[in-house]
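Dear colleague,

I am passing on the structure we spoke about, and I would be glad if you could look through it with the notes below at hand.

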Amino acid sequence: MTTRHHHALRAGLASLWSYLGRAVGLLWTVALVHGLGVAAYGRYAVAVACASLINAGIDNAFHVRSLRLDEHRYEQERAARTIVGIGVGALGVVCFTEWFVVGFALVMASGEMLFNTAKSRTLRGGRPDRTMRYDAARQVASIGCGGAGLYLWSTPTIETVGALYLMPYAVVAAICLGYLPRRRPARPGATGPAAALTLEAIAAAAYTQGDVVVIGWVAGDTVAGYYSLAFVAALAISSIGQNYANTFVERMRNSGGHHSEAPSLRDSARVGLVTGAGMLIVGLGILVWGGADYTGVVAVVLSVFVAARAVDHTFVLLLIVRGHDRSRIRITVVSAVLKIALLTAVVTHFGGYGAAVTTALCEVGVAFALYRAAHGCVAPAPGADSIDSLGAPR
């Protein structure tokens, strides 16, 4: 098997595990709505969304640096990551009985941070197939525990079911405790760079989720619903590009982020074309099937977004491994602000169609900017405590 096929196989397996997790998650959504009603599911959905924002804020600096640090510094920061995760989880447990949304969000954010800590070893090794397999297993375990409470409890409530859903994270926390002995915890770089990486995570979340939020706010829930169906599919298909790029992490880190150890532009373009074509087929299939033409048209337009985003992941990873944070963060923040501003103006007159076109064009612009940042300079990677080369110890 050639090296190219080896990486493609790992990316394919990672994507299959990811889609399995998404499918199980969809069944869980249906079960919650059926068993507890829409209102209870709404509380759960808000808590999950808050958990995502909290996790992005507290974990991104650790995540980014874990991909490029040397082994000794990586283990030190992994220990600190564990301590922070357990602290946030303890706060969530205290809040859970009084404020479900707050408590659930904190515990889930903590659990995901600890789970990311445990998975960071396989991600550093360029094995997204194993990483996504662990993700799928955790998802199945959580849904199994929550489902037991939903169907076996005499009078289930969202608090009871939610607590059981979170139980597998306790096992993850126990595993992470093994990262503490004989290691001196170290924070993820200086305060400034760590804060900048947190800002990047928040801006990235706004850039990715801004479409649906703006459409719901300006055009209403129905339009947002139709658009969201296509956009969720677009994000799922484009993740193949992320999985493919992640198979090169170890090689890129060992070379200091040299172009030769990253996916070639030709191979990255092929991944983009394949994923974009896949999204196009989904859109055309919806149109041929009939009954959801709005979603079908949006899906066809978003095929451009999928192709560009699948390629973007390679450029982002190159910048992360090199420690070229400044340009990557600037691109993320500026693109988020511009996209939200454009969407607000366009959606008013053109609804979801305008949002789809805007999203696709913005992603193409981001791809061009990231390409220039990643390939416009062949200098060695700056220090791992970057923004961009503060030179703090690794």
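What follows is a description of helix packing first, and then of several individual residues.

Please keep in mind throughout that this is a predicted model.

Helix packing around α4

Helix α4 spans residues 100-124, and three of its packing partners are described here. Beginning with α3, which covers residues 71-96, the axes of α3 and α4 come within 7 Å and cross at roughly 160 degrees. Because angles over 145 degrees count as roughly antiparallel, α3 and α4 are placed in that class, and their crossing is left-handed. The residues that make up this contact fall into 15 nonpolar, nine polar and six charged.

The second partner is α5, made up of residues 128-152, whose axis comes within 9 Å of that of α4, the two crossing at roughly 150 degrees. With that angle, α4 and α5 are likewise described as roughly antiparallel to each other, but here α4 passes α5 in a right-handed crossing. On the α4 side the contact is made by Glu112, Phe115, Lys119, Thr122 and Leu123, and on the α5 side by Arg130, Thr131, Tyr134, Asp135 and Arg138. Sorted by class, the contact of α4 with α5 contains five charged residues, three nonpolar ones and two polar ones.

The third partner is α7, residues 168-176, which packs against α4 at an angle of about 45 degrees, with the axes 9 Å apart. That angle makes α4 and α7 oblique to each other, and α4 passes α7 in a left-handed crossing. From α4, the residues Met108, Gly111, Glu112, Leu114, Phe115, Thr117 and Ala118 meet Tyr169, Val172, Ala173 and Cys176 of α7. This contact of α4 with α7 divides into eight nonpolar residues, two polar residues and one charged residue. Glu112 and Phe115 are listed in the contact with α5 and also in the contact with α7.

A buried threonine in α3

Where does Thr82 sit, and what does Thr82 touch once its neighbours within four places in sequence are left aside? Thr82 belongs to helix α3 and is buried, with a relative accessible area of 0%. Apart from those sequence neighbours, Thr82 is in contact with Leu114, Thr117, Cys176, Leu177, Tyr179 and Leu180. Among them, Leu114, Thr117 and Cys176 also take part in the contact of α4 with α7.

Arg10 and Arg127

Arg10 lies in helix α1, which runs over residues 3-36, and at 16% relative accessibility Arg10 counts as buried. Leaving aside residues within four places in sequence, the contacts of Arg10 are Gly125, Gly126, Arg127, Asp129 and Thr247. Of these, Arg127 is found in the loop between α4 and α5, and Arg127 also counts as buried, with a relative accessibility of 19%; the cut-off for that class is under 20%. Seen from the other side, and with the same exclusion of sequence neighbours, Arg127 is in contact with Arg10 and Thr122, and Thr122 is one of the α4 residues that contact α5. As a measure of span, Arg10 and Gly365 are 355 residues apart in sequence, and their C-alpha atoms are 29 Å apart in space.

Thr332 in α13

Thr332 is located in helix α13, residues 325-375, and is buried, with a relative accessible area of 15%. Not counting residues up to four places away in sequence, Thr332 touches Glu200, Ala203 and Ala204. From Thr332 to Tyr165 the C-alpha to C-alpha distance is 33 Å, with their positions 167 residues apart in sequence.

Arg182 and the cysteines

Is Arg182, in the loop between α7 and α8, buried or exposed? Arg182 counts as exposed, at 83% relative accessibility, and the loop that holds Arg182 connects α7 to α8, the latter being residues 191-218. The phi angle of Arg182 is near 60 degrees, a positive value in a residue other than glycine, and this backbone value may merit a look when you open the model.

Finally, the structure holds zero disulfides. Of its cysteines, Cys95 counts as buried at 11% relative accessibility, and Cys362 likewise counts as buried, at 15%.

With best regards

Methods: Residues numbered from 1 in each chain as written. Predicted model: local features only at pLDDT ≥ 70, side-chain atom pairs only at ≥ 80, totals over all residues. Heavy atoms only, no water. Buried < 20%, exposed > 50% of the residue type's maximum accessible area, 1.4 Å probe, protein only. Contact = heavy atoms within 4.5 Å. Axes fitted to C-alpha atoms, helices over the stretch in contact; angles between N-to-C directions. Parallel < 35°, antiparallel > 145°, perpendicular 65-115°, else oblique. Left-handed = near helix turned anticlockwise from the far one by under 90°. Nonpolar A, V, L, I, M, F, W, Y, C, P; charged D, E, K, R; others polar. Disulfide = S-S within 2.5 Å.
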